[in-house]
Amino acid sequence: MAEANYSIYSIPIYFILNFIPHTYSTLIVANGSAKNWDNANPKSTAVRDKFQKRVSAPTYQRWERARAAHHNGIENFPLLIAAVILGNMAKLDAGTMNWTFASYLLLRAIYIVAYIQITDRRLSFFRSLVFNISTFQCLWIIYKAGNVYARQR
C-alpha cells in the first residue's frame, strides 16, 4: 500500500503557525487590556508611537521582531504553496513530500521563536541559517517537480 501524502496539510498548518507571532505581538501591545489595542486602525503609526512611549525599549523591540516574523511568514507563504502544488502535480514521492514539508514546518517554528527571542546580532545568523534551509526545501521540491515535467517532453 502506498504511503499517504499529507503535504497539502502543510498549507493550513503554516497559515496557523504564522498567526502565532501576530497574536503574540498583539498581546504585547494590548498588555492584557483591550483599551490598549486599536482594532479599527491597528497598523497606524499613532499606535506604534503610543506603544513605544508606553513600554521599555526591550519590549518594543520584541514586539517589532514578532511583527517582522509574522510578515516574513506571509512573504514566504506563496513559495510554500507553489512547492506543495507543483510537487503534488508532478506526483513526487509521498515520503519525500511528507518529510520535506513536516521538516519545513518545524524549521519555520524554530525560525519564529529565534526571530522573536534572539537579540544578539551574532546569534541572529542562526535565524538566517534556519530561514535559508527552510527556503531551500521549497526550492528543492520545485526543482524536483521541474525535472519531472522536463522529462515529459
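Buried, for a residue, means under 20% relative accessible area. Keep that cut-off handy for the close-ups below, which come from a predicted model.

**Figure 1. The whole protein is built from helices, with no strands.** Count along the chain and you'll find 5 helices and 0 strands, in the order α-α-α-α-α. Of its 153 residues, 41% count as buried. The protein exposes about 9,400 Å², and carbon and sulfur atoms supply 63% of that surface. Now look at contacts between residues at least 6 apart in sequence: 77% of them join residues at least 24 apart.

**Figure 2. Tyr 60 and Trp 63 make a tilted ring pair.** The protein has 8 aromatic pairs, and here's one to zoom in on. How far apart are the ring centres of Tyr 60 and Trp 63, and what is the angle between the planes? The centres sit 5.3 Å apart, with 35° between the planes. Both residues belong to helix α3 (residues 57–89), and because they are 3 residues apart there, about one helical turn separates them. Are these two buried or exposed? Tyr 60 has a relative accessible area of 8%, so it is buried. Trp 63 comes in at 6%, so Trp 63 counts as buried too.

**Figure 3. Tyr 111 and Phe 131 pair up across two helices.** This pair is also tilted, at 5.8 Å centre to centre and 45° between the planes. It links distant parts of the chain: Tyr 111 lies in helix α4 (residues 94–117) and Phe 131 in helix α5 (residues 124–151), 20 residues apart. What about their surroundings? Tyr 111 is buried, with a relative accessible area of just 4%. Phe 131 has 22% relative accessibility, and because buried means under 20%, Phe 131 counts as partly exposed.

**Figure 4. Five aromatic residues join into a cluster.** Which residues do ring pairs link here? They are Tyr 14, Phe 15, Phe 19, Phe 77 and Tyr 104. Try finding each of these rings in the structure above.

**Figure 5. A charged end sits over a ring.** Here the ring belongs to Tyr 115, and its partner is Arg 127. Where is the charged end of Arg 127? It sits over the Tyr 115 ring, 3.9 Å from the ring's centre.

Technical notes: Residues are numbered from 1 along each chain as its sequence is written. This is a predicted model: local features need pLDDT of at least 70, side-chain atom pairs count only at pLDDT 80 or more; totals for chains, interfaces and linings use all residues. Side-chain values use heavy atoms; hydrogens and water are left out. Helices (H or I, at least four residues) and strands (E, at least two) are DSSP runs, numbered from the N terminus. Buried means under 20% relative accessible area, exposed over 50%, partly exposed in between (1.4 Å probe, protein chains only). Contact means heavy atoms within 4.5 Å. Accessible areas come from the Shrake-Rupley method with a 1.4 Å probe; for residues, only the protein chains shown count as cover. Rings of Phe, Tyr and Trp (its six-membered ring) pair if their centres lie within 6.5 Å; planes under 30 degrees apart count as stacked, over 60 as edge-to-face and the rest as tilted. A charge sits over a ring if NZ of Lys or CZ of Arg is within 6 Å of the ring centre and within 35 degrees of the ring normal.
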